[in-house]
Amino acid sequence: MPTAPDPASAPLTGPPSPAPSRRRVLATGTALGGALVVGGAALPAEAAAPVTLRAPADSWNTVLDDADLHWQKMPRTWYEGPYLGNGRLGSGIYAEPGAETTAVRFNVQHSEVQDHRPEYGSLFGLARLPIGHFTLEPAGTITGVDWRMRLRTAELRGTVTTSAGTLTLRAFVHSTGDVLTVEVTPSAGEKDFRWVFHPAEAISPRAAFKPLPDGYTGHPRPSWRSTAGRQPRCSRSSAAVSTSPPGATGRAAAAAPCT
């Protein structure tokens with residue numbers, strides 16, 4: 001049965017076309033403008049309305065600001081709240097368990113705080129050790145929050161509203177220094193708010209649900225010292241607080257724990 005000839009195998013009837021160069025393609029595109037090329041011939045295309053793209057003066061910041069995380073109710077657990085950190089020192093912020101209407105927890109964790117007793121195995125002898133947490137304790141009962149996690153500046157900003165007034169917050173972890181900074185500005189009714197550090201027992205977290213290796217014990221409890229006008233300072237994790245009158249700022253800093 002005869003078949004149709006394969007166009008690809010048909011001999012060429014004219015001289016071969018030269019391979020197009022980049023310059024030739026660009027020149028052709030410029031000459032044709034908005035024309036449509038079909039079968040080697042240029043067909044004029046319908047004129048389209050010009051499109052003007054306008055970007056804000058700082059489009060990068062605009063995109064980031066639009067993606068900020070926003071909390072309008074108190075997060076109840078660590079996985080609901082905002083996080084602050086620099087890859088070593090970290091803090092998660094949420095309602096204090098069992099005291100959801102009276103305190104806000106700021107965890108303090110550090111990736112380099114670990115045990116150095118390999119004889120007890122990696123799960124215990126080289127475990128990352130708990131440090132503790134801060135609680136922000138308003139004078140009144142917490143009735144609401146309005147927090148925004150600023151991605152552009154890696155800061156948590158917002159307010160805690162209570163039955164006695166408001167606390168305005170600004171919190172961040174320094175990018176290169178292991179310092180957690182929390183600034184608290186109270187309204188008149190909240191001038192007696194408290195900022196308290198709660199040290200954790202320096203023992204492997206697995207001790208809560210696994211049998212302890214023979215001879216394994218936790219580390220000694222932290223020691224405390226006080227300075228005039230400030231709350232106690234812990235030798236394992238430095239913590240300093242100053243509470244100020246309305247309009248001023250209370251600041252707390254949690255640095256990398258001492259050895």
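In this predicted model, five strands come together in an open sheet whose order is β4-β5-β6-β7-β12, and the pairing is antiparallel. At the edges stand β4 (83–85) and β12 (194–199), and because each of them has a single partner strand, one side of each is left without a neighbour in the sheet. From one strand to the next the twist averages 20°.

Following the sheet from the β4 edge, the reader meets strand β5 (residues 89–95), which pairs with β4 in the antiparallel sense over three bridges; leucine 84, for instance, has serine 91 in β5 as its bridge partner. Further along, strand β6 (residues 104–110) runs antiparallel to β7 and is joined to it by five bridges, with histidine 133 in β7 as the bridge partner of asparagine 107. On to the β12 edge, six bridges join β7 to β12, again in an antiparallel run, and here leucine 136 is partnered by tryptophan 195 in β12.

Strand β7 (residues 132–137) deserves a pause, since its cover can be read residue by residue: six of its six residues are buried. In a regular strand the side chains alternate between the two faces of the sheet. In β7, Gly132, Phe134 and Leu136 point one way while His133, Thr135 and Glu137 point the other way, and all are buried.

Charged side chains add another set of contacts. Side chains of opposite charge can pair when their charged atoms come close, and a search of the whole structure finds eleven salt bridges. One of them joins arginine 152 to aspartate 65, with the closest N and O atoms 3.1 Å apart. Since arginine 152 lies in the loop between β8 (142–150) and β9 (155–162) while aspartate 65 belongs to helix α2 (residues 59–66), the pair ties together parts that are 87 residues apart in sequence. Arginine 152 is partly exposed, with a relative accessible area of 35%, and aspartate 65 is also partly exposed, at 27%.

Another salt bridge brings together the side chains of aspartate 178 and arginine 88, at 3.0 Å from N to O. This pair links distant parts of the chain, 90 residues apart, with aspartate 178 in the loop between β10 (166–173) and β11 (179–186) and arginine 88 in the loop between β4 and β5. Aspartate 178 counts as buried because its relative accessibility is 17%, under the 20% limit, whereas arginine 88, at 27%, counts as partly exposed.

Methods
Residues numbered from 1 in each chain as written. Predicted model: local features only at pLDDT ≥ 70, side-chain atom pairs only at ≥ 80, totals over all residues. Heavy atoms only, no water. Pairing = 2+ DSSP bridges. Helix = DSSP H or I, 4+ residues; strand = E, 2+ residues; numbered from the N terminus. Axes fitted to C-alpha atoms, helices over the stretch in contact; angles between N-to-C directions. Buried < 20%, exposed > 50% of the residue type's maximum accessible area, 1.4 Å probe, protein only. Salt bridge = Lys/Arg side-chain N within 4 Å of Asp/Glu carboxyl O.
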